[in-house]
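Colleague: Could you take me through one part of this model slowly, as if I were new to reading structures? I would love a close look at the sheet and what surrounds it.

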Amino acid sequence: MLSREITTKIAFILDELIPPVLRDSKWFMWIPFKLLFGKKTTEFFRFKEHAFDMSFDQFKKTYESLESVHIQRETDLNRACISAILDNIEGNNVLEVGCGRAHLAKKINARAQVVACDMVISHEMRISNPEIDFRAVNIEDLPFIDSEFDTVVCTHTLEHVLDIERAISELRRVAKKRLIIVVPKQRPYKYTFDLHIHFFPYRWSLLACMQQSERTGSRSLRLIEGDWYYQEEIE
């Protein structure tokens with residue numbers, strides 16, 4: 001199982017040292033994709049090209065289909081980002097959107113009440129973590145009332161969503177005090193070893209998406225070990 005710290009180093013080599021003409025070449029990328037994804041290689045190759053033509057149900061089914069060949073690790077977060085998130089939880093009522101395998105949700109649950117959401121929540125995860133309130137939701141249409149949660153956390157998720165502006169609007173809508181977002185610092189390429197469809201290679205790449213709303217107060221953005229950590233106060 002590869003840790004986030006190791007894959008960040010691999011991503012640096014791919015993004016910074018291999019020329020784009022090779023990174024975007026089907027023939028150059030086919031062999032490593034075949035080794036990683038086997039029979040699912042073609043599905044991975046075609047994903048970015050077809051993602052924005054999919055309905056939410058089609059998008060969800062694609063993720064379910066490719067789940068077995070995703071890079072397997074407990075969390076996409078690095079340790080420094082986890083510490084930053086836990087240090088900056090405001091209030092006792094927290095929503096995590098994009099909880100993955102619930103690694104962060106379990107840590108949040110030790111200090112605050114947490115509702116953990118994702119596009120797909122497995123039965124096994126519910127059984128293994130009965131103390132956590134899991135919800136299967138669409139980030140673009142969250143089933144919560146305005147300002148329901150003191151802190152809203154969303155990590156390694158916005159790079160996956162179809163309508164990123166709508167998703168950010170929903171995260172802000174349900175947050176009462178603070179919004180925390182983490183995304184990977186990554187260059188856009190035609191073929192990547194993930195299902196990302198949004199990329200944030202520069203500071204302004206994320207800020208361009210985080211246009212301030214009437215409820216946006218002070219905010220900060222910093223790079224933490226290869227990931228962008230964004231924090232926004234809600235007024």
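Modeller: Happy to! One definition before we start: a salt bridge here is a side-chain nitrogen of Lys or Arg within 4 Å of a carboxyl oxygen of Asp or Glu. By this rule the count comes to 10 salt bridges, and we will meet some of them around the sheet. Please keep in mind that this is a predicted model.

Now to the sheet itself. It is an open sheet of seven strands, arranged in the order β3-β2-β1-β4-β5-β7-β6, and its pairing is mixed. At the edges stand β3 (133-136) and β6 (216-224); each has a single partner strand, so one side of each is left without a neighbour in the sheet. From one strand to the next, the twist averages 15°.

What does "mixed" look like up close? Strands of a sheet pair through backbone hydrogen bonds, either parallel or antiparallel. For the parallel sense, look at β1 (residues 93-97) and β4 (residues 149-155), which pair over three bridges. There, E96 stands opposite V153 in β4. For the antiparallel sense, turn to β6 and β7, which pair over seven bridges. In that pair, R222 stands opposite Y229 in β7. β6 and β7 also form a hairpin with two residues between them, and E225 in the turn has a positive phi of about 50°.

That sign deserves a second look. Most residues other than glycine have a negative phi, and most peptide bonds are trans. Two further residues to find are A102 and H156. A102 is not a glycine, yet its phi is positive, at about 75°; A102 sits in the loop between β1 and α7. With a relative accessible area of 0%, A102 is buried. H156 has a positive phi near 50° and lies in the loop between β4 and α9. H156 counts as buried too, at 8% relative accessibility, because the cut-off for buried is under 20%.

While you are in the loop between β1 and α7, find C99, which also has its place there. C99 counts as buried at 5% relative accessibility. Leaving aside residues up to four places away in sequence, C99 touches A116, C117, D118, I121, M125 and F134.

Next come two helices that meet the strands. Helix α6 (residues 79-87) lies across β4, β5 (175-184), β6 and β7 (227-234), and runs at about 160° to β6. Helix α9 (residues 164-174) packs on the sheet as well, touching β1, β4, β5, β6 and β7, with its direction at about 145° to that of β5.

Let us finish with the salt bridges I promised. Within helix α9, R173 and E170 lie three residues apart, about one turn of the helix, and they form a salt bridge whose closest N and O atoms are 2.8 Å apart. R173 is partly exposed, with a relative accessible area of 22%, whereas E170 counts as buried at 4%. In the sheet, the side chains of R178 and E233 meet in a salt bridge of 3.0 Å, N to O. This pair links distant parts of the chain, with R178 in strand β5 and E233 in strand β7, 55 residues apart. R178 counts as buried, at 13% relative accessibility. Finally, salt bridges that share partners join D146, R166, E170 and R173 into one network.

Key
Residues numbered from 1 in each chain as written. Predicted model: local features only at pLDDT ≥ 70, side-chain atom pairs only at ≥ 80, totals over all residues. Heavy atoms only, no water. Pairing = 2+ DSSP bridges. Helix = DSSP H or I, 4+ residues; strand = E, 2+ residues; numbered from the N terminus. Axes fitted to C-alpha atoms, helices over the stretch in contact; angles between N-to-C directions. Contact = heavy atoms within 4.5 Å. Buried < 20%, exposed > 50% of the residue type's maximum accessible area, 1.4 Å probe, protein only.
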